[in-house]
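Reader: I would like a close look at a single part of this model, with the rest brought in where it helps. Please keep it plain.

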Amino acid sequence: MTLTAEAIHTLEEIAVRFSPDGAPLAVRYDGRIWAVDPDAGAAHWFGRDGGRHRSASAASDGEDPAAVEHWRLQVRLSSDSALSTFHLQRSPQSPDWFLADISDAS
């Protein structure tokens, strides 16, 4: 399932729990805890997001538009449930994460 831009703005709370070394461990989404699969290999990068989550004040403060943080994670609800892929984004100026996309891992 891919979320539309309109759906992204109406999502429930997204929270990411990280290990002490900065690796994501779990994502709280839609009232559930999704565990990051440690064997699936998470992708982490910084880049542009097309301005979807940038505010006007961030742009005027000189925020680097290429500095949006991204994580692509393989997650599951339980040890025997199917994997899903979450694409998370956040501005380094903000503690808030946004869910950009959800898809089946297959």
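Reader: How many Å² does the protein expose, and what share of that do carbon and sulfur atoms supply? After that, please look closely at Arg76 in strand E5: which residues is Arg76 in contact with, leaving aside its neighbours within four places in sequence?

Author: The exposed area is about 6300 Å², and carbon and sulfur atoms supply 50% of it; accessible areas come from the Shrake-Rupley method with a 1.4 Å probe, and for residues only the protein chains shown count as cover. This is a predicted model, in which local features need pLDDT of at least 70 and side-chain atom pairs count only at pLDDT 80 or more, while totals for chains, interfaces and linings use all residues. Residues are numbered from 1 along each chain as its sequence is written, and side-chain values use heavy atoms, with hydrogens and water left out.

The frame comes before the detail. The protein has 2 helices and 7 strands, in the order α-β-β-β-β-α-β-β-β from the N terminus. These are DSSP runs numbered from the N terminus, of at least four residues for helices (H or I) and at least two for strands (E). Of the 106 residues, 37% are buried, where buried means under 20% relative accessible area, exposed over 50%, and partly exposed in between (1.4 Å probe, protein chains only).

Now to Arg76, which is found in strand E5, residues 68-76. Beyond its neighbours within four places in sequence, Arg76 is in contact (heavy atoms within 4.5 Å) with Ile33, Trp34, Ala35, Asp37, Ser81, Ala82 and Leu83. With Asp37, Arg76 forms a salt bridge, the closest N and O atoms being 3.1 Å apart. That pair links distant parts of the chain, since Asp37 sits in the loop between strand E3 (32-36) and strand E4 (43-47), 39 residues from Arg76. A salt bridge here is a side-chain nitrogen of Lys or Arg within 4 Å of a carboxyl oxygen of Asp or Glu. Arg76 and Asp37 are both buried. The side chain of Arg76 also has a polar atom 2.6 Å from the backbone oxygen of Ser81.

The whole structure holds 2 salt bridges. Arg90 and Glu69 form one of them, with the closest N and O atoms 3.0 Å apart. This pair also links distant parts of the chain: Arg90 is in strand E6, Glu69 in strand E5, 21 residues apart. Both Arg90 and Glu69 are buried.

Strand E6 (residues 84-90) also holds Gln89, which counts as buried at 3% relative accessibility. The side chains of Gln89 and His70 are joined by a polar contact of 3.4 Å, that is, a pair of N or O atoms within 3.5 Å; within protein, one must be able to donate a hydrogen and the other to accept it, and residues adjacent in sequence count only if both atoms are side-chain atoms.

Trp34, one of the residues in contact with Arg76, is buried with a relative accessible area of 11%. Phe86 counts as buried at 0% relative accessibility. Trp34 and Phe86 form a tilted aromatic pair, 5.1 Å centre to centre with 50 degrees between the planes. Trp34 lies in strand E3 and Phe86 in strand E6, so the pair ties together parts 52 residues apart in sequence. Rings of Phe, Tyr and Trp (its six-membered ring) pair if their centres lie within 6.5 Å; planes under 30 degrees apart count as stacked, over 60 as edge-to-face and the rest as tilted.
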